[in-house]
Number of protein chains: 2
Amino acid sequence: MQQIRLAVDAIIFGYKEMELYVLLIQQKFGSQNSYWALPGGLVKEDESLIDAVKRELQEETNVKVNYLEQLYTFGDDITRDPRNRVVSVAYFGLVDPTKLILKADTDADNVAWVKIKNVPNLAFDHNEMITKAIMRLKDKLTYKPIGFGLLPEKFLFSELENLYTTILEKEIDRRNFRKKMLSFGIIEETEEFANKKSGRPAKLYKFKYSEYQKLERDGYHFEIKFA
Amino acid sequence: MQQIRLAVDAIIFGYKEMELYVLLIQQKFGSQNSYWALPGGLVKEDESLIDAVKRELQEETNVKVNYLEQLYTFGDDITRDPRNRVVSVAYFGLVDPTKLILKADTDADNVAWVKIKNVPNLAFDHNEMITKAIMRLKDKLTYKPIGFGLLPEKFLFSELENLYTTILEKEIDRRNFRKKMLSFGIIEETEEFANKKSGRPAKLYKFKYSEYQKLERDGYHFEIKFA
DNA sequence: ACATTTTGTGTAACTCATACACAAAATTAA
DNA sequence: TTAATTTTGTGTATGAGTTACACAAAATGT
């Protein structure tokens, strides 16, 4: 009789002020006590995988995501969990900075947004999961307009630009970037201005998801690249 | 106590003479008796996922693959297997036409290469798996040189070209295709000629995998597109 | 030898990506 | 109130890469 346990884990990214964050939890009790880890846990008998991730996220962090997709299933290292054979389906998700606020710590858990550069040694193979998720994020940013999942509904063009430069770690020419982005017709200029401390006032923009869906149906291909 | 079962399934593609095939089995006994299905089965306690796929392929079909990667984990439909809760990690693989020969049927199974266009209603959600695998194959063909996994070691340029037109269902300009393909420097011309029934004799070519690895290390990006 | 099949090759037009600089509108400091 | 600072917003010329396109060469079969 098979005794493999099935878990889900979530790599949730947040972005704010030129920094990429990942959502981590610390179980106050349990075997891998002091380690930080990704939110996740065992799948219930009568629960779909995606529901399991959402439930764990809700229970452990109270974060709601803008975007969520299956990343990879980790099950080649038999001893990735030293206690039992556990295979974990990892999901990767994006939240906007308005949600970079966490509920007060529960009795059992600490929750924190940690800068990608400062991620410590995590429990299990969770560092590997994050590495894989970052690769996916970088790749996908260039051929799907998922970056908007990391921004508030209305955003500055400069925020969008900085998001790309930050995550891809590349320079971008502002004029070319704007030209390319606008050429898809999936971004709408609003009449509102952001209140900023300094510099010329800037209009807020919105991502038109429905326009993008239309393009996708027509087989149109989003793609944004840099030298 | 969790009672979810964990399985693997394999979507294995073969290509020959302008046709794309998928490898199917038919269990002669068992509950979903007469249905054809993908090769696959439960993962053993002490077995990695990838080993499980390879073992099942070996046991059920005796086919060795040129290329194998994890595709997707199917576990959102709780009743995808009507008997038990089974979550299945699907892998997608490629074999070259020299291997499009199958061992004699075992006592328990029929095995067959079935043209993509002729795939019948399969057991479980296996049609869905194939659909997803075809999408992945089409996408990946354009940005990774995996097509060679469907060809013999030495092949004609026209075979490579036909493989692309067949799978992507698009026309290609022969001159542009050749120019682009050769521009990567990952294809080598041999001194051998193929024996064909008619037409001008054609040289055989080889895929230089090591050259491609070198390019990849240098961050070079393979990409082949069509109008 | 003539028809048929399939391979192998070059160039011109055009599209798209890239490189590049300065004025405008606000805030802050002198 | 003037000047310095910060950030937004915009156009064009060059070059690289993609696309479109046609015919001769080498074999086999009739």
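**Two DNA strands and some aromatic rings**

Q: How far is a polar side-chain atom of B:K179 from a base oxygen of DNA strand C?
A: The distance is 3.0 Å. Bear in mind that this is a predicted model.

Q: And A:K179, what does a polar side-chain atom there lie 3.2 Å from?
A: A base oxygen of DNA strand C. So both chains put a Lys179 side chain at a base oxygen of this strand, A:K179 and B:K179.

Q: Which part of DNA strand C is 3.3 Å from an N or O atom in the side chain of B:S198?
A: A sugar or linking oxygen.

Q: Which residues around DNA strand C come nearest?
A: There are 21 residues around the strand, and the nearest are A:D173, B:S158, B:R174, B:R178 and B:G199. Of the atoms of DNA strand C within 4 Å of the protein, sugar and phosphate make up 44%.

Q: Which elements supply at least two residues each to the surface near DNA strand C?
A: Helix α4 (174-183) of chain A and α4 (174-183) of chain B.

Q: How do the residues of that surface near DNA strand C divide into nonpolar, polar and charged?
A: Three are nonpolar, five are polar and 13 are charged.

Q: Over to DNA strand D. Which residues come nearest there?
A: A:S158, A:R174, A:R178, A:G199 and B:K197, out of 21 residues around DNA strand D. Sugar and phosphate account for 44% of the atoms of this strand that come within 4 Å of the protein.

Q: What does a polar side-chain atom of B:K179 lie 3.2 Å from on DNA strand D?
A: A base oxygen. Base nitrogens of DNA strand D are also approached. A polar side-chain atom of B:D173 lies 3.4 Å from one. An N or O atom in the side chain of B:R200 is 3.2 Å from a base nitrogen.

Q: Which elements give two or more residues to the surface near DNA strand D?
A: α4 of chain A together with α4 of chain B. The residues of that surface divide into three nonpolar, five polar and 13 charged.

Q: New topic. How many aromatic pairs are there over all chains?
A: The count is 24.

Q: Why is the pair of A:F148 and A:F155 called tilted?
A: The ring centres are 5.6 Å apart and the planes are at 45°, so the pair is tilted. Planes under 30 degrees apart would count as stacked, and over 60 as edge-to-face.

Q: Are A:F148 and A:F155 buried or exposed?
A: Both A:F148 and A:F155 are buried. They also belong to one aromatic cluster with A:F207, A:Y209 and A:Y212.

Q: What about A:F157 and A:Y205, how are their rings placed?
A: Their centres are 4.9 Å apart and their planes are at 90°, so this pair is edge-to-face. A:F157 lies in helix α3 (residues 157-168) of chain A and A:Y205 in strand β10 (residues 203-207) of chain A, so the pair ties together parts that are 48 residues apart in sequence.

Q: What is the relative accessible area of A:F157?
A: It is 6%, so A:F157 is buried. A:Y205 also counts as buried, at 6% relative accessibility.

Q: Which residue lies over the face of A:F157?
A: A:R178, at 4.6 Å from the ring centre.

Q: And in chain B, where does the charged end of B:K132 sit?
A: Over the ring of B:Y72, 3.6 Å from its centre.

Notes:
Residues are numbered from 1 along each chain as its sequence is written. Chains are lettered from A and ligands numbered from 1 in the order in which they are written. This is a predicted model: local features need pLDDT of at least 70, side-chain atom pairs count only at pLDDT 80 or more; totals for chains, interfaces and linings use all residues. Side-chain values use heavy atoms; hydrogens and water are left out. A residue is near a molecule or strand if one of its heavy atoms lies within 4 Å of it. A polar contact is a pair of N or O atoms within 3.5 Å; within protein, one must be able to donate a hydrogen and the other to accept it, and residues adjacent in sequence count only if both atoms are side-chain atoms. Helices (H or I, at least four residues) and strands (E, at least two) are DSSP runs, numbered from the N terminus. Ala, Val, Leu, Ile, Met, Phe, Trp, Tyr, Cys and Pro count as nonpolar, Asp, Glu, Lys and Arg as charged, and the others, Gly among them, as polar. Rings of Phe, Tyr and Trp (its six-membered ring) pair if their centres lie within 6.5 Å; planes under 30 degrees apart count as stacked, over 60 as edge-to-face and the rest as tilted. Buried means under 20% relative accessible area, exposed over 50%, partly exposed in between (1.4 Å probe, protein chains only). A charge sits over a ring if NZ of Lys or CZ of Arg is within 6 Å of the ring centre and within 35 degrees of the ring normal.
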